[in-house]
Every structure is written in structure tokens, then in C-alpha cells.
Amino acid sequence: SYTEAQAFGVDALEDATRLLEDHPERHAWQETAHRMREALLTDFWDEQAGFFGSAYDTKGLVNLPTITSGWTLNTSFWEELPKEQKIQTISSIVKRLFSDDFLTPVGLRTRALGTPQPLQGVVEYHGRLTVWPMFTFMVIEGLRRHNLHRLAEQLENRLINGLNASGNFEEFFVLDHDGSM
């Protein structure tokens, strides 16, 4: 299971319980959402890195840092966490996203710069040398949801820089290793 699918699943189940209060499966949905939230925190979270792995499979945590940790910020996943845990976990994610591993002049990398590049000399579609405006926008929305408006604005400005530099609304930007387009 992918990290973002787990967080979006929690979000969808909690939305369903709010929208369909009289549905006979409402309590089962809530219980499933609680179990999925707990699994995300225990199985997907890498305590040492302070970041979510990208997925969890039959071998355990797939510890590949991607932008999808930032996507979890725009879900209801965080609403039931104790305040101190919520602040600490979100701060850790944001700190990593705003590090040189992800942050570029045109947005956030899809995968951390410090991860291996499986095929040398090839730009991977969702790799460490690509910035997808939509992916960065998903993080921007999550930052706003947690009242981190100045950080959201910084990312917006970087996206606008990329769009202005390319002269077009690109699906994704390709970067050099130094972060230039």
C-alpha cells in the first residue's frame, strides 16, 4: 500500500461517516479509518528519518522518501492525533520537504535528491530530477490546512518562477543536479 493511498483512504472513510450519518456501515467505516490511521503511524513512519516511507509491502517499509509525505498534510488523517504528536510529526515532514533534498527554485522534487538513481543518465518520470507543479500544489494545500501560509506562499512563488522560466504550463519540470531547469 502506498502512503498517500493510506492517508486518502482515511480521509474518504471519515468523509463518508460525516456525510452518511444514518448509514448502517458508518461505525465500521470509522473503525477502519482508525485502524488505517494507526497503521500509517506505526508501519509507514520512519522514526529515524522523521518522514513517511513511500509504501508498505510484504517485506515491510519501502523507505524511499517522496513528495507524498507532503500530500498527507491535506487529509483528515491529522485531525484525531494528539496535539503534540501532530505538531512534531508535521514539523518533521515540513522540515524535510524544505531541505535541499526536495526544495528547488521551481517547487518540490518528486523523490528526494539523496536517493539512488536506478538508471544513470535517464530522467525518471517521477524521479529526483523532476518537479511536478500539481504535486507541489498538493503540498501547498496541505500547508494551508495547517495554517502554514507563509511556507505555502513560498512554494507558490517557486512554481510561478518555473512557469515563467519555461514560458508554458508544463506537466513537469526537469532539473539538473544543481536544481536549475
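From the N terminus onward, the secondary-structure elements of the chain follow the order α-α-β-β-β-β-α-α-β-β-β-α-α-β, which amounts to six helices and eight strands. The radius of gyration of the chain is 17 Å, close to the 16 Å that the globule rule gives for 181 residues, so the chain is as compact as a globular protein of that length. The model is a predicted one, and the values reported here are to be read accordingly. Along the principal axes, the C-alpha atoms of the chain fill a box of roughly 55 × 35 × 30 Å.

With respect to burial and packing, 46% of the 181 residues of the chain count as buried, while residues 24 or more positions apart account for 57% of the contacts that have a separation of 6 or more. The surface exposed by the chain comes to about 9,800 Å², and 53% of this area is supplied by carbon and sulfur atoms. As regards charge, the chain carries 16 positive and 26 negative charges, and the mean positions of these two sets lie 4 Å apart.

Two residues of helix α1 were examined individually. Thr3 belongs to this helix and, because its relative accessibility of 0% falls under the 20% cut-off, it counts as buried. When its neighbours within four places in sequence are left aside, Thr3 is in contact with Leu40, Phe44, Phe52, Gly53, Ser54, Ala55, Thr68 and Thr72. Glu14 is likewise found in helix α1, which comprises residues 3–19, and at a relative accessibility of 6% Glu14 also counts as buried, because this value is under 20%. Apart from residues up to four places away in sequence, Glu14 touches Ala33, Arg37, Ser76 and Glu80. Between Glu14 and Gly127, which are separated by 113 residues in sequence, the C-alpha to C-alpha distance is 32 Å.

A further acidic residue, Glu124, is placed in the loop between β6 (107–108) and β7 (130–131). Despite this loop position, Glu124 is classed as buried, because its relative accessible area of 18% remains under the 20% cut-off. The side chain of Glu124 makes a polar contact with the side chain of Arg111, at a distance of 2.9 Å.

Methods
Residues are numbered from 1 along each chain as its sequence is written. This is a predicted model: local features need pLDDT of at least 70, side-chain atom pairs count only at pLDDT 80 or more; totals for chains, interfaces and linings use all residues. Side-chain values use heavy atoms; hydrogens and water are left out. Helices (H or I, at least four residues) and strands (E, at least two) are DSSP runs, numbered from the N terminus. Buried means under 20% relative accessible area, exposed over 50%, partly exposed in between (1.4 Å probe, protein chains only). Contact means heavy atoms within 4.5 Å. The radius of gyration is taken over C-alpha atoms; the globule rule is 2.2 Å times the number of residues to the power 0.38. Accessible areas come from the Shrake-Rupley method with a 1.4 Å probe; for residues, only the protein chains shown count as cover. Lys and Arg count as positive and Asp and Glu as negative; His and the chain ends are not counted. The place of a charge is taken as NZ of Lys, CZ of Arg, CG of Asp or CD of Glu. A polar contact is a pair of N or O atoms within 3.5 Å; within protein, one must be able to donate a hydrogen and the other to accept it, and residues adjacent in sequence count only if both atoms are side-chain atoms.
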